[in-house]
Amino acid sequence: YLVVHVGESGDDTRRMVVPVVYFNHPLFGKLLEQAERAYGFDQPGRITIPCKVSDFEQVQMKIAARDHWRRKWSFKIF
C-alpha cells in the first residue's frame, strides 16, 4: 500500500491508502496524469491527486470491482 493525498486545494486534502497495484491501472494512471499537469514531476514530499475525494473514491470502487470480477472469473489451467 501507498499513501496519496487527494483534494482540489493544497490545504484541504485527505490522506488515502491505496494498493500499489492501482498505480498500474489505466484509471489511476489518468489521476496521476492530472497530478503531473498540476504539479509537474518535482512535487515535494508526497503524491497529491488534484480531484474531488468523491471522484477518487469512485475510481477506487471501479478498480476494486474490476479486480474482484477478474479474480472471480479467472480459471486455472493445469
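A residue is called buried if its relative accessible area is under 20%, exposed if over 50%, and partly exposed in between, using a 1.4 Å probe and protein chains only. Keep that in mind for the tour.

The model is predicted, so local features need pLDDT of at least 70 and side-chain atom pairs count only at pLDDT 80 or more, while totals for chains, interfaces and linings use all residues. Residues are numbered from 1 along each chain as its sequence is written, and side-chain values use heavy atoms, leaving out hydrogens and water.

**Stop 1: the whole chain**

Begin with a cartoon view of everything. You should find two helices and three strands, where helices (H or I, at least four residues) and strands (E, at least two) are DSSP runs numbered from the N terminus. Following the chain along its sequence gives the pattern β-β-α-β-α. Of its 78 residues, 23% count as buried.

Switch on the surface for a moment. The chain exposes about 6,100 Å², and carbon and sulfur atoms supply 55% of that; such areas come from the Shrake-Rupley method with a 1.4 Å probe, and for residues only the protein chains shown count as cover.

**Stop 2: the sheet**

Now select residues 2–6, 14–18 and 48–49. In what order do the three strands stand in the sheet? The order is β2-β1-β3, in an open sheet with mixed pairing. Two strands pair here if DSSP finds at least two bridges between them. Strands of a sheet pair through backbone hydrogen bonds, either parallel or antiparallel.

You can see both kinds here. β1 and β2 run antiparallel and are joined by five bridges, whereas β1 and β3 run parallel and are joined by two bridges. Pick H5 to look both ways: R15 stands opposite H5 in β2, and T48 is the bridge partner of H5 in β3. Then turn to the edges of the sheet. β2 and β3 each have a single partner strand, so one side of each is left without a neighbour in the sheet.

**Stop 3: the nonpolar core**

Next, show the side chains of V4, V6, M16, V18, Y22, F28, L31, I49, C51, F56, V59 and I63. Together these twelve residues make up the largest nonpolar core, meaning a set of buried Ala, Val, Leu, Ile, Met, Phe, Trp, Tyr and Cys residues joined through side-chain atoms within 4.5 Å. At least two residues each come from β1, β2, α1 (26–39) and α2 (53–73). Which of these elements gives the most to the core? It is α2, with three residues. In soluble globular proteins, nonpolar side chains tend to be buried together.

Zoom in on F56, in helix α2. F56 counts as buried because its relative accessibility is 1%. Leaving aside residues up to four places away in sequence, F56 touches V4, V6, M16, V18, F28, L31, I49 and C51; a contact means heavy atoms within 4.5 Å.

One of those partners is M16, found in strand β2. Is M16 buried or exposed? At 8% relative accessibility, M16 is buried. Draw a distance line between the C-alpha atoms of F56 and M16: the two are 9.4 Å apart in space and 40 residues apart in sequence. With the same four-place limit, the contacts of M16 include L2, V3, Q60 and E57.

For one more core member, click on I63, which touches Y22, H25, L27 and F28, again not counting residues up to four places away in sequence. Contacts across the sequence also show up in the totals: among contacts with a separation of 6 or more, 52% are between residues 24 or more positions apart.

**Stop 4: a salt bridge**

Select E57 and R14. Their side chains meet in a salt bridge, at 3.2 Å from N to O; the term covers a side-chain nitrogen of Lys or Arg within 4 Å of a carboxyl oxygen of Asp or Glu. E57 lies in helix α2 and R14 in strand β2, so the pair ties together parts that are 43 residues apart in sequence. The structure holds one salt bridge. Side chains of opposite charge can pair when their charged atoms come close.

Colour by accessibility here. E57 counts as partly exposed at 28% relative accessibility, and R14 is partly exposed too, at 41%.

**Stop 5: a nonpolar patch**

Finish by selecting Y1, V3 and V17. They make a nonpolar surface patch of about 320 Å². Patches are made of residues with over 30% relative accessible area and no salt bridge, joining like charges within 9 Å and nonpolar side chains (Val, Leu, Ile, Met, Phe, Trp, Tyr) within 5 Å. V17 belongs to strand β2 and is the bridge partner of V3. With a relative accessible area of 45%, V17 is partly exposed.
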